[in-house]
Every structure is written in structure tokens, then in C-alpha cells.
Amino acid sequence: LTECHFDMPKNGAMMTVITGNNGAGKTNLLEALSLLAPGRGLRATAGEEKVRFGQTRFRLRADFSYNQQPEILKMEYDATDKKIKSFLNHNPIKSSERNFSCLWVLPRHDRLFQDSASERRRFLDKLITAIHGNHQSEIIGFNELLRQRRSLLEQGHQDDTWLRVLEKRIAEKSIAIAGSRLAYIAKLNQAVTRGFQFLPPLRLALSGMVEEMLETTDAVEAEKIYQDYLGKSRGLETIEGVHRTDMTARHLKKDLPASLCSTGEQKLLVLGLMVGAVQILTAEFGRPPLFLLDDIVSHLDDDHQAKILRLFASLSDNLQVPCFLTGTRKADFSSLGGRAQFITLANGRILA
């Protein structure tokens with residue numbers, strides 16, 4: 001996306017519809033907004049992959065206010081140091097300290113319950129990171145410790161003292177990660193089991209060795225058990241742990257696993273899950289997150305398009321959630337009328 005500026009609507013509308021042809025820059029604009037929150041944004045790519053082709057840097061600035069408290073959040077990246085730097089009111093901050101919350105639904109999420117366990121795990125961890133910015137750092141630290149342990153074992157090193165130290169630290173991080181996941185799923189279930197408007201009620205669950213241990217024992221004991229398991233598993237090619245956790249869902253009205261529901265039903269289940277996540281973030285921070293919805297109404301019949309758009313209008317009205325929706329045809333959003341701000345993109349620039 002080239003340099004562009006736009007303001008939130010002044011007429012009180014909380015929805016912004018971004019339209020344009022394929023390749024116009026719609027998803028890029030959503031990605032820029034997603035970078036206001038902790039983490040690596042909706043594409044989860046490194047800094048150099050976010051730079052426009054032929055360029056070496058990017059800058060992002062958001063001026064916003066809540067309860068009449070103005071703030072400035074900025075991100076900068078330069079290829080010379082390959083780091084995204086964050087600033088709040090011109091003062092350097094860590095990525096985890098970005099004080100914006102943001103959630104998104106992308107076309108690939110329609111396949112969430114058909115996809116691999118790793119995709120669902122990453123999806124869940126992004127939702128948690130929106131509340132606890134250091135959750136992703138815990139996962140990165142865990143993966144690095146796991147890599148060190150694997151490297152030592154592959155090289156044939158049997159330094160029991162060093163391996164025990166690594167395994168203790170792996171166990172500590174595992175308990176922290178699993179505890180965060182269980183706590184979040186419990187909150188999410190409180191929201192999604194009731195359903196929302198026409199969205200079906202669902203129930204989520206986690207399957208994984210560490211999470212299942214924490215369901216029946218306290219954290220201290222679970223950490224000891226898992227550390228002991230790691231010590232006994234040094235000869236195994238694969239081990240169980242939070243890097244293999246899966247998230248499952250069940251359609252409560254039909255009493256069916258989400259993976260067995262129709263494609264349309266799965267899309268609605270994902271939307272119901274995300275509405276629950278929006279409600280959690282709003283309660284947690286006292287203000288709603290940005291809700292980014294990429295290509296959300298494509299491949300839907302007129303009836304479902306109308307229902308989906310009414311859903312987002314309701315979120316805007318009842319929870320004051322700023323929704324950003326993209327699509328290729330402005331006509332698909334005509335029912336929103338004056339309730340939304342409309343932006344047209346072409347070649348990475350705002351036309352109107």
C-alpha cells in the first residue's frame with residue numbers, strides 16, 4: 001500500500017466499507033490496521049515482507065482518542081536493522097505494549113475447523129495475544145527452548161544437568177501457555193454458548209496433554225509431571241505438549257462437531273466465535289477492538305449477505321465496535337446506506 005490517509009467517519013457511523021478490484025490494496029490496508037495491536041498483524045509476516053516492492057521501509061501512524069484522551073501510536077521499519085519499532089505518544093514501547101486491540105476474520109478462516117490443528121492453535125493464540133500481549137512471546141520462548149533440547153539430543157549430547165535445566169524451563173512455559181489457553185476458552189464459552197442473533201451457539205474445547213493435566217491437577221504438580229515426562233521421552237522423535245494442542249468446536253443446536261457441519265454453517269460458527277472474542281476484549285479493556293473483515297460477503301447468497309451485514313450493524317450499534325469490511329463490489333453493501341463510511345481503493349491509493 002502506498003501512503004494514504006483516512007479518518008474515521010464524523011457522522012457517528014462505526015462501519016467503514018473498503019471496496020476495489022482485486023489487488024487494489026484492500027487487505028494491505030487491513031493489515032496496516034492490524035499492526036496497531038500486539039503481534040505481527042493479520043498476515044503474521046516479518047517486517048521485510050510488509051514493505052512495498054522496491055522500497056526499504058514503511059511507517060504507520062494512528063491518531064486516536066477514547067474518552068477524550070488523544071494518543072498517537074506509530075510503527076516504523078527500516079531494512080537496515082530489520083526491526084519494527086513501536087512508539088506511543090512518541091515514546092519507544094515494546095510490541096506487546098501497543099495499546100490497541102484488534103481482531104480479524106479472513107477468507108481462510110472459513111476452513112478453520114477443516115484445517116490442521118496447528119492452524120487452529122495459531123488462531124486461538126492470536127485471540128489470546130489480543131488481550132495478553134506477552135502470550136506470543138511465551139510461545140516464541142517455548143519453541144526456542146524446544147529447539148535447543150532437540151538439537152542437543154540430535155547431536156548425541158547427554159549432559160543430564162543441562163537437559164534437566166532446559167526441560168524445567170520448557171515445563172514452566174508449557175504450564176503458562178496452557179493456563180492462558182484454558183482461561184481464555186472458559187471466557188469464550190460463556191459468550192458463544194448463548195449464540196448471537198442468527199449465529200448458532202457453540203462450545204469450544206482443548207485437547208492436549210498439558211491442558212488436560214491442568215484440568216485435574218494444580219499448576220505446580222502439572223509442571224513436575226510434565227518435566228518428568230520430558231526426561232523420560234528423550235529417545236522419542238516426537239513428544240506431546242502445548243505445541244500439539246488442538247481446539248475443537250461443537251454446534252450445540254445440531255449436536256455436531258464443527259468439522260462435520262456444512263461450509264456455510266462453519267462460516268457462521270467462526271463468526272460466532274469471533275463475536276464472542278469481541279465481547280471479551282470489550283469487557284477486558286472497557287473499549288471495543290477494531291474488527292477487520294476481509295472479503296466477508298463474497299460467495300454468499302443475498303439472504304446470508306443481508307443477515308451478515310445486519311449482524312455487523314448490530315455490533316456497531318450495541319457494542320460500538322468499529323468494523324472495517326472489504327469487498328470488490330460496493331453494491332454488496334448497499335443495505336448499509338448512510339450507516340457506513342465508504343472508501344474506494346485503486347493501485348494502493350484512496351480514490352473516494
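This briefing walks through how the helices, strands and a few aromatic rings fit together in this structure. Keep in mind that the model is predicted. There are two open sheets to look at, one with six strands in mixed pairing and one with three strands in antiparallel pairing. After those come three helix pairs and a stacked pair of rings.

**The six-stranded sheet**

- Trace this sheet across and you'll meet its strands in the order S6-S10-S11-S1-S12-S13, with mixed pairing.
- At the edges sit strand S6 (102-105) and strand S13 (349-350), each of which pairs on one side only.
- Strand S1 (residues 15-19) runs parallel to its partner, strand S11 (residues 323-327), and five bridges link the two.
- To find your place in that pairing, look for Ile18, which stands opposite Thr326 in S11.
- Helix H8 (residues 302-319) packs on this sheet, where it touches S1, strand S10 (290-293) and S11. The direction of H8 makes about 155° with that of S11.

**The three-stranded sheet**

- Here the order is S7-S8-S9, the sheet is open, and the pairing is antiparallel.
- Strand S7 (202-207) and strand S9 (256-257) are the edge strands, so to speak the outer rails: each pairs on one side only.
- Strand S8 (residues 246-251) and S9 are joined by two bridges in the antiparallel sense.
- His251 stands opposite Leu256 in S9.
- Helix H2 (residues 117-131) packs on this sheet and touches S7 and S8. The direction of H2 makes about 90° with that of S8.

**Helices H3 and H4**

- A handy general idea for this part: two packed helices are described by the angle between their axes and the distance between those axes.
- Helix H3 (residues 135-154) and H4 have axes that come within 9 Å and cross at roughly 150°. H3 and H4 are therefore roughly antiparallel to each other, since angles over 145 degrees get that label.
- Their crossing is left-handed.
- On the H3 side, the residues in contact include Phe142, Leu145, Leu146 and Leu152. Among those they meet on H4 are Trp162, Leu166, Ile170 and Ile177.
- Sorted by class, the contact of H3 with H4 has eleven nonpolar, five polar and six charged residues.

**Helices H4 and H6**

- Helix H4 (residues 160-192) also crosses helix H6 (residues 219-232): the axes come within 9 Å, at an angle of roughly 135°. That makes H4 oblique to H6.
- This crossing is right-handed.
- The H4 residues that take part include Arg164, Lys168, Ala171 and Ile175. On H6, the list includes Ala222, Glu223, Tyr226 and Leu230.
- The contact of H4 with H6 is made up of seven nonpolar, three polar and five charged residues.
- Glu167, Ile170 and Ser174 of H4 take part in the contact with H6, and these three residues are also listed in the contact with H3.

**Helices H2 and H7**

- H2, which packs on the three-stranded sheet, has a helix partner too: its axis and that of helix H7 (residues 263-285) come within 10 Å and cross at roughly 20°. That makes H2 roughly parallel to H7.
- H2 passes H7 in a right-handed crossing.
- From H2, the residues Phe123, Leu127, Ala130 and Ile131 make the contact. They meet Leu273, Met274, Ala277, Ile280, Leu281, Glu284 and Phe285 in H7.
- This contact of H2 with H7 has ten nonpolar residues, no polar ones and one charged residue.

**Aromatic rings**

- The count of aromatic pairs comes to three.
- One of them is Phe58 with Tyr77: the ring centres are 5.8 Å apart and the planes are at 15°, so the pair is stacked.
- Phe58 belongs to strand S2 (residues 57-66) and Tyr77 to strand S3 (residues 69-78). The two are 19 residues apart, and the pair links distant parts of the chain.

Note on methods
Residues are numbered from 1 along each chain as its sequence is written. This is a predicted model: local features need pLDDT of at least 70, side-chain atom pairs count only at pLDDT 80 or more; totals for chains, interfaces and linings use all residues. Side-chain values use heavy atoms; hydrogens and water are left out. Axes are lines fitted to C-alpha atoms, for helices over the stretch in contact, and angles run from 0 to 180 degrees between N-to-C directions. Helices (H or I, at least four residues) and strands (E, at least two) are DSSP runs, numbered from the N terminus. Angles under 35 degrees count as roughly parallel, over 145 as roughly antiparallel, 65 to 115 as roughly perpendicular and the rest as oblique. A crossing is left-handed if the near helix is turned anticlockwise from the far one by less than a right angle, and right-handed if clockwise. Contact means heavy atoms within 4.5 Å. Ala, Val, Leu, Ile, Met, Phe, Trp, Tyr, Cys and Pro count as nonpolar, Asp, Glu, Lys and Arg as charged, and the others, Gly among them, as polar. Two strands pair if DSSP finds at least two bridges between them. Rings of Phe, Tyr and Trp (its six-membered ring) pair if their centres lie within 6.5 Å; planes under 30 degrees apart count as stacked, over 60 as edge-to-face and the rest as tilted.
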